[in-house]
Amino acid sequence: MPDATPPRAVSTPGLDFRAVIRPGDFVVWGQSCAEPVTLTERLLEQRADLGGITCFIGIPAVETVKPEHADHIRFVSYCGTGSNRALAAAGALEVYPGHYSTLPEFVSRADVVLVQCAPPDARGRYSLGLADDYLTAAIDSARIVVAEVNDQVPATPGARHLTDREINIAIRTSRPVAESPAVSPTPEMVTIGAHVASVVPDGATLQFGIGSVPEAVLGALGAHNDLGIHSGILTDAAVELIDRGVVTNARKTTDRGISVAAVLIGTRRLFEHVHCNPTVSLRPITYTHDPERLAAQHRFIAINSAIEVDLTGQVNAEVAGGRYVGAVGGGGEFLRAAARSHGGMPIIALPATAGTRSRIVDRLSGPVSIARSDAGIVVTEFGIADLRGVPLSERRERMLAIAHPDQREVLRAAASRW
């Protein structure tokens, strides 16, 4: 636990991590837009003097960590997305292949936690602002908490607050928060988004994953009414739906009137939207991924993507071309919850091809991230395959129907019995 003493304020040049980190320590920092870049840059500069440490890095929004930094640091993440791909390709990344809901337990072994906070409010509380997710678990167990107090970080309702008693060292900065803008969807993704939108009912509560396909789905929901959000992330595309009055959260079973997420991944538009906004709540994974809370939501719709899906409904969301580029993540957990929700839908959406390679396959080229026993609805630009309640032979036919037309006969000829 952090020492129960006021934080020691230091300038960046004066921050010597040798006085904070011990050889062999496990260091955790906020992921994506919540990365305390001033702190991580300083740590990497001093890495040769720290005696060999392990750092858990999550999803990167900026390329702070590079393969050459692995000369003195062991890097671990639950995903191979973004600049983590370069680490993985260089053999400089170890992957934790667990469900997202297990991350709090995994990081609870943290010795040192680096966080980025908003300035203290009138009650002296520092909002984590951009991510709670697994940080709460790491903070509660860490020996040392180092905070970058950045006056450009939003104070987000619901987020964990720190007090002076929980922060050991604080540095004060004023720098733009790292941004993660969405990539423009391809025509195929726009079509996929329209297909998914056609089965999403008004009043549904949405969970959506990371990537261009879920973003395209959100972009296709503009004609819907009274949608809600209970998701691992909140993005610019979600804010667009909120601003247009499409998302009201009025029909949610829990947290009515409030959009709930664990981490913010987007741009300044998102950060400005959440600042002191009582209709947003940033919560830890233990809340956002709680299976009972998710399943209790009326019409809970889980929308996630994948690298490939086989003809029986098995999903590979981790490995492409022999390289780790994705994650187990929370997809399986959200899909199971959606299957249990009254009126819910578990949806996997993906383009039918990657270049000339089919992403609807006879046999997966990577691990089974989601079992076929959890298969629900699979969507490509060529249609919708509802695999719920049908045997394997019918699943194959439905999956063949949404594969690229040029690939269907090859897939049919290669189709295995199981």
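Start by selecting helix α1, residues 37-45. In this predicted model, helix α1 lies across six named strands: β2 (26-29), β3 (53-56), β4, β6 (112-117), β8 (144-150) and β10 (169-173). Look along helix α1 and then along β8; the helix runs at about 125° to that strand.

Next, show the sheet behind these strands. Which order do its strands follow? Colour them one after another as β1-β10-β8-β6-β2-β3-β4-β5. The sheet is open, has eight strands, and its pairing is parallel. At its edges are β1 (8-9) and β5 (93-95), each of which pairs on one side only.

Stay at the β5 edge and select β4, residues 73-77. How many bridges link β4 and β5? There are three, and the two strands pair in the parallel sense. To see a facing pair of residues, pick S77 and then V95: S77 stands opposite V95 in β5.

Now turn to the cysteines. A disulfide is a covalent bond between the sulfur atoms of two cysteines. How many disulfides does a search of the whole structure find? The search finds zero. Select C55 and C79 to see one case. C79 holds the cysteine sulfur closest to that of C55, but the two are 15 Å apart, so they are too far from each other for a bond. The cut-off for a disulfide is a sulfur pair within 2.5 Å. C79 is in no disulfide either; its nearest cysteine sulfur belongs to C33 and is 13 Å away.

While these residues are selected, switch on the surface. Is C55 buried or exposed? C55 is buried, with a relative accessible area of 0%. C79 is buried as well, at a relative accessible area of 1%.

Move on to residues 266-414. An unreviewed UniProt entry lists this range as "domain: Acetyl-CoA hydrolase/transferase C-terminal". Over these residues the chain is 30% helix and 24% strand. Select the C-alpha atoms at the two ends of the range, and the distance between them is 42 Å.

The last stop is another open sheet, with three strands in the order β19-β18-β25 and mixed pairing. Its edge strands are β19 (315-316) and β25 (360-361), and each pairs on one side only. Select β18, residues 308-310, together with β19: two bridges join them, and they run antiparallel. Which residue of β19 faces E308? Pick N316, which stands opposite E308.

Notes. Residues numbered from 1 in each chain as written. Predicted model: local features only at pLDDT ≥ 70, side-chain atom pairs only at ≥ 80, totals over all residues. Heavy atoms only, no water. Pairing = 2+ DSSP bridges. Helix = DSSP H or I, 4+ residues; strand = E, 2+ residues; numbered from the N terminus. Contact = heavy atoms within 4.5 Å. Axes fitted to C-alpha atoms, helices over the stretch in contact; angles between N-to-C directions. UniProt positions renumbered as here; feature names shortened; annotations may be inferred. Buried < 20%, exposed > 50% of the residue type's maximum accessible area, 1.4 Å probe, protein only.
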